Amino acid sequence: MEPPTNYGHGNRAFLQALLARGTLTYPEARPIIAAIINADNAKNPDSEECRPDQVSEQIFMKYIDKASSAVSLFDYEIRSTQHQATKERIFALVNTASDPQTQLATIYSPEELSFIKRVLDAMFEKFNRPRMESLCITEMQAIKLARPPRRESQGGDEPQSQAPVDRGLKHSEVENVLESLVEGGWFEISREGFYSLSPRALMELRPWLVDMYNDADAEPNDWQRIKFCEACKEIVTWGLRCSDPDCTLRLHDICQQAFWRSRRGTTCPKCSREWTGDHYVGERAITMTEAYQRGRRRSGGHRNTLADDVIREQGAEEESEGEEVGGGEEEEEEE
Ligand SMILES: [Zn+2]
Ligand SMILES: [Zn+2]
């Protein structure tokens, strides 16, 4: 692999901007590229000022291509994906040599990392059941995960003497970690207050998520925790599902139109049921329910435990939850 030709100050500045942000969209890149072009032209008195709206997508892609070949020398790659809800194309710098845990380990303490793992487990196990695939978590629910579950066998509160004890996080620390995950581009927070994985996290974590949460020996039509869009084959954490609760067909909102157009009909190719388009994957599995809408009207925006109420009401949660913080519940998933 050779260094890209004509790689100048401008390309370096562009890469720096991408490095600093982690991700970049075309609209975000336009003013950056315009500033770079203007800086380059500063020595030339005859040059005209470049406005952001003059930066075409073609120019943007040239900068992406140059940056891409430059970073490939250092085990990085620029990948792109579409945001599942907004359709926006997002470019991200991905480290191909180290996994995300290693990257996160440079930022977070062991207690914080184990909290993050508990949050991911909640997103992909507890809040991701065949009947309700919400794949997101509220701050209230995350606070319940502040401490590691207590071992039943240990009985009382006595900590074991050997091995450092993971005391978990304080509530204020939970808030800080969630905030920094959003800032770092790993999590997104929705208007309704649900945290979910960002497009960049889905891109980087994809192999890990599949490895961690899916059953490699499952049959092709078995329900799996990590689901893929029938059209684009990317992970679905925000999208649509077949009206048959036992059918595993999932589609992104942004993919469904083209998908059905190419089939000249809207019967599910897996189960032959009519596609209704109003069964959801992601937070809308909660927020679009009658119970949630009713609860929100009634509580007038105060909805700390509303998501929990809805999940319970929909019967998506088998076990009844204790009040204690950090609850000792374990999943009994293995059949
Ligand atoms: Zn898709
Ligand atoms: Zn179906």
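How are the donor residues of the zinc ion (ligand 1) spaced in sequence? In this predicted model, the donor residues follow the pattern C-x2-C-x19-H-x2-C. The zinc ion (ligand 1) is bound through the SG atoms of C229, C232 and C255 and through ND1 of H252, at 2.1 to 2.3 Å. The angles among the four donor atoms range from 97 to 116°, and the site is tetrahedral. Of these donor residues, H252 and C255 are both buried.

Strand β3 (residues 89-95) is paired with two other strands. Seven bridges connect β3 to strand β2 (residues 76-82) in an antiparallel arrangement, and two bridges connect β3 to β1, again antiparallel. F91 of β3 takes part in both pairings: this residue is the bridge partner of L24, and S80 stands opposite F91 as well. Strand β3 is mostly covered, with six of its seven residues buried. The hairpin formed by β2 and β3 has six residues between the strands, and K87 adopts a positive phi near 75° in this hairpin.

Helix α2 (residues 26-41) comprises 16 residues and spans 22 Å between its first and last C-alpha atoms, close to the 22 Å expected at 1.5 Å a residue. Its buried residues are Y26, A29, I32, I33, A34 and I36. The buried residues of α2 pack against α1 (9-21), β1 (23-24) and α3 (57-71).

In soluble globular proteins, nonpolar side chains tend to be buried together. The largest nonpolar core of the model contains 58 residues, among which F187, L197 and L209 touch the most other members. Helix α5 (residues 110-126) provides the largest share of this core, namely seven residues. When residues up to four places away in sequence are not counted, L197 touches L120, M123, F124, W186, F187, L202, L205 and L209. A second, separate core consists of 22 residues, including I32, V55, F60 and F91. This second core thus includes a residue of helix α2, I32, together with F91 of strand β3.

V165 is located in the loop between α6 (139-143) and α7 (171-183). Is V165 buried or partly exposed? The relative accessible area of V165 is 37%, so this residue is classed as partly exposed, given that buried residues fall under 20% and exposed residues over 50%. V165 and E111 are separated by 54 residues in sequence, and their C-alpha atoms lie 9.4 Å apart in space.

Key
Residues are numbered from 1 along each chain as its sequence is written. Chains are lettered from A and ligands numbered from 1 in the order in which they are written. This is a predicted model: local features need pLDDT of at least 70, side-chain atom pairs count only at pLDDT 80 or more; totals for chains, interfaces and linings use all residues. Side-chain values use heavy atoms; hydrogens and water are left out. Donors are N, O and S atoms within 2.8 Å of the metal (3.2 Å for Na, K and Ca); water is not among the atoms, so sites may look incomplete. Four donors count as tetrahedral if all angles lie between 85 and 135 degrees; four count as square planar and six as octahedral if opposite donors are over 155 degrees apart and all others between 65 and 115; anything else is irregular. Buried means under 20% relative accessible area, exposed over 50%, partly exposed in between (1.4 Å probe, protein chains only). Helices (H or I, at least four residues) and strands (E, at least two) are DSSP runs, numbered from the N terminus. The expected span of a helix is 1.5 Å times one less than its number of residues. Contact means heavy atoms within 4.5 Å. A nonpolar core is a set of buried Ala, Val, Leu, Ile, Met, Phe, Trp, Tyr and Cys residues joined through side-chain atoms within 4.5 Å. Two strands pair if DSSP finds at least two bridges between them.
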